[in-house]
Amino acid sequence: MNIVNQHDYTSMPDPLTCTGRLESMELRFMRVMIFAIMEINNSTKLLPGIKLGYEIHDSCTAAPVAVHVAFQLSNGLDPEFNTGDNCTQSGMVMGIVGESGSSPSISMSRVIGPFNIPQVSHFATCACLSDKEQYPNFFRTVPSDNFQADALAKLVKAFGWTWIGAVRSDSDYGNNGMAVFLTRAQEEGICVEYSESVLQTHSRSKIKRVADIIRRSTARVVVVFAASGDVRVLFEELILEPFPPHQWIGTEAWLTMVDLLRFNFCVGALGFVIEQADSPGLKEFLLDMSPSTVALSPILTEFWEDSFNCRLGKSAAPGEIMCDGTQDMQKLQDKYTDFSNLRITNMVYKAVYAIAHALHNTLCLDTNSTTHCDKYNKIETKQVLTELKKVNFTQAGYDVSFDENGDPVPRYELMNWQRSDSGGLEMVIVGHYDGALPVGQEFHLKKNITFMDGLKKLPKSVCSENCPPGTRKVLQKGKPICCYDCVPCAEGEISNTTDSPDCLPCLKDFWPNAEKDTCFPKPVEFLSYDEVLGIILAAFSVGGACLTIMTAVVFFRHRASPIVRANNSELSFLLLLSLTLCFLSSLTFIGAPSDWSCMLRHTAFAITFVLCISCVLGKTIVVLMAFKATLPGSNVMKWFGAPQQRMTVVSFTSIQVLICTIWLVVSPPFPAKNLIVYEKKIILECALGSAIGFWAVLGYIGLLAVSCLVFAVLARNLPDSFNEAKLITFSMLIFCAVWITFIPAYVSSPGKFTVAVEIFAILASSFGLMFCIFAPKIFIILFKPEKNTKKHLMNKS
């Protein structure tokens, strides 16, 4: 029913009256309360010897009427309807069952709260009523919207829907429930494209605006936290124009309404509803109506006449039909007789028994075998309120208890609207939710769930697709956090999870794979014997050493020949030895660097080369001294004989040995990983340790080479018979050219090619010395023996 308010503010208002048709569901709630009270009054275990009375008021689902009723109950008015006679405390209200709506329940609780009158609602789910500071006397047998909103948010998250629309009733129920849901949804990482409110009393334009928003939205999941009447007007507007399929998520308030099943676009709708249960004898009691019993109650009379469209026990007006007694409740098609949905109906049953148990604990004393109740005991409503907080019992399969907020343990069934064989929609239970179970174990889902458009395939509703590993999320400007772009990770970074907000850098010895979702060890690079370049350089090194040894063998076999003796055979053999060591020293540069190889490769190269150049320098000085010795009266060779030549070589070499020793002691070369040249691989190399030491070694070699070149140039025009200076000049030119070009090539070459450049410089300069100084002599010894005579060597051109 609805309330009619007409106030002109010039006179006392008329009494509040209700208009409209009687709500069948509310009538059934009333009848269930009567049924429960009759059971209790006939019970020998609960309140034995005490009869409960009751009075019934119609609030018209309006807060003003509910407030008026609350004042009446607080004043202790005598009941109009009473189940028994001789009530000992006539008019004293010990508890109230109701109201169905949250807004009227709030109004009633504010009135009766100061009087400590317990109020137990069967259908008021607003989370605000759990506030014990404002509503200390309020209890309910239906779970709070807090629990339903939390369960709905977890359900949406479980199906992977992160982009949704939200519609609510513009009432305490809808606004408070949706507020809780949006908070939980945000905690679960769910984004809301829109949040709109509807009310069945809103204008057509407002309803149409909400419907158009739903039609145009990109979110394919819509959560509707609204009363059935508000949902009905919205669906009636949506059905006027075609729109894409949507996945509807609903609440108990509308999802259990059979009359809404006519909207076929809602196939696949999901939501939580109160557990279905059955109280023995309840259905029979609800149908047990006869014209004689109905006529005793104005409310039942109104229902009977509206349902059967006839007049009962009175004269009919023109055009009206008198009830002739053939009307049968068993055949009536009405919400009242629809027993497929007794969920909220059973909440009334639990509410009555909760108050009865509180009264029992207040009035009765249970012993081992008997229960004694003092019906003459004067009790206060506060005592009943205190006991109501403690009740914990099971009745007809129902567990009834309240937490500190007056709420029951949340237990729901997951309802799914599926297409039946006849083509219409039907309600199917596809899962359960038990709030008493540990977190993460509350859900139990079946496999027969149908989604939007009647499909079994889980639909998608996301603002942006998941970012795969190897990318990171970048939020789109001005949009919710669920709307983002997927940006590949930068060089050297990875992400190994879906929807990663950031990419993480790999460790310095690692590098990402092509997909940038895993770090792999960087490949290690060094000049090895297993690669072509290393093999070629090693072959030339060994070949050069063998060629030098062969030259030494030829010289040794022809050591008595004039060409060997004339060119200082002792220095020649020492030079050949040093060249052999120079060729072999290049092998220390090939292979993985180690502490010993790093120290050996530079010092061996430096000392052998200084020994080599010292010998060449000695040979150059010998040429000059030999020419001076041929001049009349010259005794130069006395001051530069064989002992002096040996001392010169030893002295020059000792200086290099000293430099190398200082270098090795102070800051020796060591193996190191070069991570700078290449990002994707590691260069194993020998760090110089002391750059000064390295360049001091090279500088000393360069100094000796330049000195040798200067002496060779000075001696190049001496008579050919004594002259080895031209050959030395060519060899030193090659040597200096090689090492001058070595410096920029060494500095600019990356990775292993730095080592290759150094080896090439060693081999090139060694082959230059070898061929320029010894090749002409070997040619004469082997192929022109007639020129290998003292006479030929003494011949002057």
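**Exercise 1. In this predicted model, find which residue of E26 is the bridge partner of Glu525, then work out how E26 fits into its sheet.**

Let's start with the pair itself. Glu525 has Ile683 as its bridge partner in E26. Next, look for another pair linking these strands: Val524 is partnered with Ile682 in E26. Put together, E24 and strand E26 (residues 682-687) are joined by 2 bridges and pair in the parallel sense.

Now turn to the other neighbour. E25 and E26 run antiparallel, with 5 bridges between them. One spot to check is Asn674, which stands opposite Ile683 in E26.

So what order do the strands take? The sheet is open, has 3 strands and reads E24-E26-E25, with mixed pairing. Strand E24 (524-525) and strand E25 (670-674) each have a single partner strand and stand at the edges, so one side of each has no neighbour in the sheet.

**Exercise 2. Work out the strand order of the open sheet that contains E3, E4 and E5, and say which strands stand at its edges.**

Begin with one residue pair: Val97 has Val120 as its bridge partner in E4. Then widen the view to the strands, where E3 and strand E4 (residues 119-121) pair in the parallel sense over 2 bridges.

The full order is E3-E4-E5, an open sheet of 3 strands with parallel pairing. Strand E3 (96-97) and strand E5 (138-140) are the edge strands; each has a single partner, so one side of each is left without a neighbour in the sheet.

**Exercise 3. Classify the ring pair Phe159 and Phe451, then do the same for Trp304 and Phe308.**

What do we need for this? A pair of aromatic rings is described by the distance of the centres and the angle of the planes. The model holds 33 aromatic pairs.

Take Phe159 and Phe451: their ring centres are 5.4 Å apart and the planes meet at 85°, so this pair is edge-to-face. The cut-off used here is an angle over 60 degrees. Where do the two residues sit in the chain? Phe159 is in the loop between helix H4 (145-158) and strand E6 (163-169), while Phe451 is in the loop between strand E17 (443-445) and strand E18 (471-475). That puts them 292 residues apart, so the pair links distant parts of the chain. Both Phe159 and Phe451 are buried.

Now for Trp304 and Phe308: with centres 4.8 Å apart and planes at 50°, the pair is tilted. Both residues belong to helix H11 (residues 298-308), and because they are 4 residues apart, about one helical turn separates them. Trp304 and Phe308 are buried too.

**Exercise 4. Find which charged residues sit over the rings of Phe285 and Phe139, and list the aromatic cluster that includes Trp417.**

Over the ring of Phe285 you'll find the charged end of Arg31, 4.4 Å from the ring centre. Over the ring of Phe139 it's the charged end of Lys132, 5.3 Å from the centre. As for the cluster, Trp417 joins Phe235, Phe243, Trp248, Trp254, Phe263 and Phe265.

**Exercise 5. Name the residues that touch the most other members of the largest nonpolar core, and the helix that gives the most to it.**

This core has 96 residues, and Phe181, Leu270, Trp304 and Met329 touch the most other members. Helix H12 (residues 343-363) gives the most, with 13 residues. Apart from this core lies another, of 63 residues, including Cys612, Phe735, Val738 and Ile759.

Definitions and conventions. Residues are numbered from 1 along each chain as its sequence is written. This is a predicted model: local features need pLDDT of at least 70, side-chain atom pairs count only at pLDDT 80 or more; totals for chains, interfaces and linings use all residues. Side-chain values use heavy atoms; hydrogens and water are left out. Two strands pair if DSSP finds at least two bridges between them. Rings of Phe, Tyr and Trp (its six-membered ring) pair if their centres lie within 6.5 Å; planes under 30 degrees apart count as stacked, over 60 as edge-to-face and the rest as tilted. Buried means under 20% relative accessible area, exposed over 50%, partly exposed in between (1.4 Å probe, protein chains only). A charge sits over a ring if NZ of Lys or CZ of Arg is within 6 Å of the ring centre and within 35 degrees of the ring normal. A nonpolar core is a set of buried Ala, Val, Leu, Ile, Met, Phe, Trp, Tyr and Cys residues joined through side-chain atoms within 4.5 Å.
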